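Reader: I have a structure open and would enjoy going through it with you. Could we take it one question at a time?

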Amino acid sequence: MEDVRVHARAGAAFAALLAISVVSGSAYGAGAAPDISGTYWATEYRAKLVLVGGGELPLTPDGKKAYDMNVAGLKDGSITDAARKFCVPDGMPRAMASPYPFEIIQAPPGQITMVHELNPQIRVIAMDKPMQTYEQLIAFPFYNGHSTGHFEGDTLVVQTNGFNEKTFLDATGAPHTDMLVTTERIRKVSPTQLEDVITIHDPMYYTRDFQTRFVYALRNDVRLEDYVCGEPHRDISGIRGVREARAANEARAPSR
């Protein structure tokens, strides 16, 4: 197991070096940055990750053991979904699956800021720094990790690592280790739609990299609202999949 972790760390460090090589000297590259700012809202909510190309999560034996433990623990109450009970950040890619709106702000210079209504959460994407290695970030793990980005044409590429192990990949309890690296490719697929294709890399728990995809509607008519755990919030029942997810949560809630 330790050998796998050592090799995984080496692979992550090599990936970081590749990331460094593609970051230009300018905050947004040679040309002007595409405008992806605005308020976005998903039109569909999925509690479980849906893989691009279909299929189930490619879990390693250790990953399956961790997943089974999470599913059982969430069902009997021995494991707490802290993101919902205590409003801690969701982690990645779960934060991007939110049925609540979020805002992208292309400021201040050298940075893109994502403000999520749920919990609430702020993701800072450094556009003027290279991705740091696992060894550099292991002492400073974040719930949502440390993100760096650059533009490739009309696509914002965001690489995130340096996660703690207190979050799930999705609402069902899909696990990850502190070796998790996510790579997002964010672009407008139409004037009113934003796409985020996320590649998940975690060789301790998954046999291969895999992708999930989210699409959001541009909703500049919407203003973000306060969110406090345990208090009423905006009505999201009109988002497809929310009612089904709530029914599933109630069905698996532990008996008291």
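Reader: Leaving aside neighbours within four places in sequence, which residues is C87 in contact with?

Author: Happy to start there, with the reminder that this is a predicted model. C87 lies in the loop between helix 3 and strand 2. Once neighbours within four places in sequence are set aside, its contacts are A82, N119, Y227, V228 and C229.

Reader: Is C87 buried or exposed?

Author: The cut-off for buried is a relative accessible area under 20%. C87 has 15% relative accessibility, so C87 counts as buried.

Reader: How far apart are the sulfur atoms of C87 and C229?

Author: A disulfide is a covalent bond between the sulfur atoms of two cysteines. The structure holds one disulfide, and C87 and C229 are the residues that form it. Between their sulfur atoms the distance is 2.0 Å.

Reader: How many residues apart along the chain are C87 and C229?

Author: The pair links distant parts of the chain. C87 sits in the loop between helix 3 and strand 2, while C229 sits in the loop between strand 9 and helix 5. Their separation along the chain is 142 residues.

Reader: Is the link of C87 and C229 right-handed or left-handed?

Author: Look at the rotation about the S-S bond, which is 120°. With that angle, the link of C87 and C229 is right-handed.

Reader: And why does C229 count as partly exposed?

Author: Partly exposed covers the range between the 20% limit for buried and the 50% limit for exposed. C229 falls in that range because its relative accessible area is 21%.

Reader: Which residue, 32 residues apart from C87 along the chain, has its C-alpha atom 4.7 Å from that of C87?

Author: One of the contacts of C87 answers this. The residue lies in the loop between strand 3 and strand 4, and its 5% relative accessibility means that it counts as buried. The C-alpha separation of 4.7 Å is between C87 and N119.

Reader: What is the phi of N119?

Author: C87 offers a parallel, as its phi is near 65°, a positive value in a residue other than glycine. N119 is not a glycine either, yet its phi is positive. For N119 the value is about 95°.

Reader: How many residues lie between strand 3 and strand 4 in their hairpin?

Author: Strand 3 and strand 4 run antiparallel and are joined by six bridges. Across this pairing, I112 stands opposite I125 in strand 4. N119 is in the turn of the hairpin, and the number of residues between the two strands is four.

Reader: What is the omega of the cis peptide bond that joins N119 and P120?

Author: P120 lies in the loop between strand 3 and strand 4. There is also a cis peptide bond between A107 and P108, with omega about -5°, and P108 is found in the loop between strand 2 and strand 3. For the bond joining N119 and P120, omega is about -20°.

Reader: Moving on to strand 5, which residue there is the bridge partner of A126?

Author: Strand 4 and strand 5 (residues 146-152) run parallel, with two bridges joining them. In strand 5, A126 has as its bridge partner T148.

Reader: How is the aromatic pair of Y100 and Y227 arranged?

Author: A search of the whole structure finds five aromatic pairs. Y100 and Y227 form one with 5.4 Å centre to centre and 80° between the planes. Both residues are buried. Planes over 60 degrees apart count as edge-to-face, and the arrangement of Y100 and Y227 is edge-to-face.

Reader: Which residues do ring pairs link into a cluster?

Author: This one comes from following the ring pairs from residue to residue. Linked in this way are Y40, F102, F214 and Y216.

Reader: Which backbone oxygen does the side chain of T60 reach?

Author: T60 lies in the loop between strand 1 (38-42) and helix 2 (61-76), and is buried, with a relative accessible area of 11%. Not counting residues up to four places away in sequence, T60 touches P203, M204, Y205, Y206 and T207. At 2.9 Å, its side chain reaches the backbone oxygen of M204.

Reader: Finally, over which residues is the pLDDT below 50?

Author: The protein averages a pLDDT of 87, and 85% of the residues score at least 70. One stretch has 25 contacts in the model beyond near neighbours in sequence, but its pLDDT is below 50. That stretch is residues 10-30.

Methods:
Residues are numbered from 1 along each chain as its sequence is written. Side-chain values use heavy atoms; hydrogens and water are left out. pLDDT is the predictor's confidence in each residue, from 0 to 100. Contact means heavy atoms within 4.5 Å. Rings of Phe, Tyr and Trp (its six-membered ring) pair if their centres lie within 6.5 Å; planes under 30 degrees apart count as stacked, over 60 as edge-to-face and the rest as tilted. Buried means under 20% relative accessible area, exposed over 50%, partly exposed in between (1.4 Å probe, protein chains only). A disulfide is a pair of cysteine sulfur atoms within 2.5 Å. A polar contact is a pair of N or O atoms within 3.5 Å; within protein, one must be able to donate a hydrogen and the other to accept it, and residues adjacent in sequence count only if both atoms are side-chain atoms. Two strands pair if DSSP finds at least two bridges between them.
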